[in-house]
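Please walk me through this model in the viewer, one selection at a time. For each stop, say what to select and what is there.

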Amino acid sequence: MSNKTVSAKEQLINQFKQLGLIKNVHWVILEEDDKPFITIDGLLWLSSNHPEEEKRAIDIKSELIQTQPVVIVKSKVVLANGVSAEGLGSASREASDTDRLIELAESRATARALRKLYALGTPVEEN
């Protein structure tokens, strides 16, 4: 019997794998801090393919709250078991290198709501 201690990083990676998430598709290890980060693609994939059907999303709605001076979007995700969560996302021209500010804010809001629901213990990589 081994007494090997599994690091928090290894535990999270194992959890990602158990959920069916694929490295470099659904999650990455960022070079800056050597920590695993689930991507928005990974969270959206999980919302449709969670191994527990009651934890799959049945509804994702977004609402544009504000467009000036910063775009703010609120997203709400509802799972099949009735549990829901909301997230806010923002984007501005000064802090972003894209003109697609509404889409960026919506992605951030949806990712935050999904992160709350799945409690994966790691922030989502946001670009």
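The tour goes from the sheet to the helix packed on it, then to the nonpolar cores and an aromatic pair. Keep in mind throughout that this is a predicted model.

**The sheet**

Select residues 57–66 and 84–91, which are strands S3 and S5, and add strand S4, residues 71–79. These three strands make an open sheet, ordered S3-S4-S5, with antiparallel pairing. S3 and S5 are the edge strands; each has a single partner strand, so one side of each has no neighbour in the sheet. Averaged over the sheet and with direction ignored, neighbouring strands are turned by 20 degrees against each other.

Now hide S5 and look at the pairing of S3 with S4, which is antiparallel and runs over eight bridges. Show the side chains of Lys 61 and Lys 76: Lys 61 stands opposite Lys 76, the latter in S4.

**The helix on the sheet**

Bring S5 back and add helix H3, residues 101–118. H3 packs on the sheet and touches S3, S4 and S5. Between the direction of H3 and that of S5 the angle is about 150 degrees.

**The largest core**

Add helix H1 (8–18) and helix H2 (40–49). Which elements each supply at least two residues of the largest nonpolar core? They are H1, H2, S4 and H3, and H3 gives the most, with five residues. The core has 18 residues. To find those with the most contacts inside it, select Phe 16, Leu 21, Leu 43, Tyr 118 and Leu 120.

Centre the view on Leu 120. Beyond its neighbours within four places in sequence, Leu 120 is in contact with Leu 12, Gln 15, Phe 16, Leu 19, Ile 38, Leu 43, Leu 46 and Arg 115.

Apart from the largest core lies another, of seven residues. Select Ala 91, Leu 101, Leu 104 and Ala 105, which are among them.

**The aromatic pair**

Return to Phe 16 and add Trp 27. The structure holds one aromatic pair, formed by these two residues, Phe 16 and Trp 27. Their ring centres are 5.5 Å apart, and the planes make 55 degrees, which is a tilted arrangement.

Are the two partners buried or exposed? Phe 16 is buried, at 0% relative accessible area. Trp 27 also counts as buried, at 2% relative accessibility.

Finally, colour H1 and strand S1 (residues 27–30). Phe 16 belongs to H1 and Trp 27 to S1, so the pair ties together parts that are eleven residues apart in sequence.

Notes:
Residues numbered from 1 in each chain as written. Predicted model: local features only at pLDDT ≥ 70, side-chain atom pairs only at ≥ 80, totals over all residues. Heavy atoms only, no water. Core = buried A, V, L, I, M, F, W, Y, C linked by side-chain atoms within 4.5 Å. Buried < 20%, exposed > 50% of the residue type's maximum accessible area, 1.4 Å probe, protein only. Helix = DSSP H or I, 4+ residues; strand = E, 2+ residues; numbered from the N terminus. Contact = heavy atoms within 4.5 Å. Phe/Tyr/Trp six-rings, centres within 6.5 Å; stacked < 30°, edge-to-face > 60°. Pairing = 2+ DSSP bridges. Axes fitted to C-alpha atoms, helices over the stretch in contact; angles between N-to-C directions.
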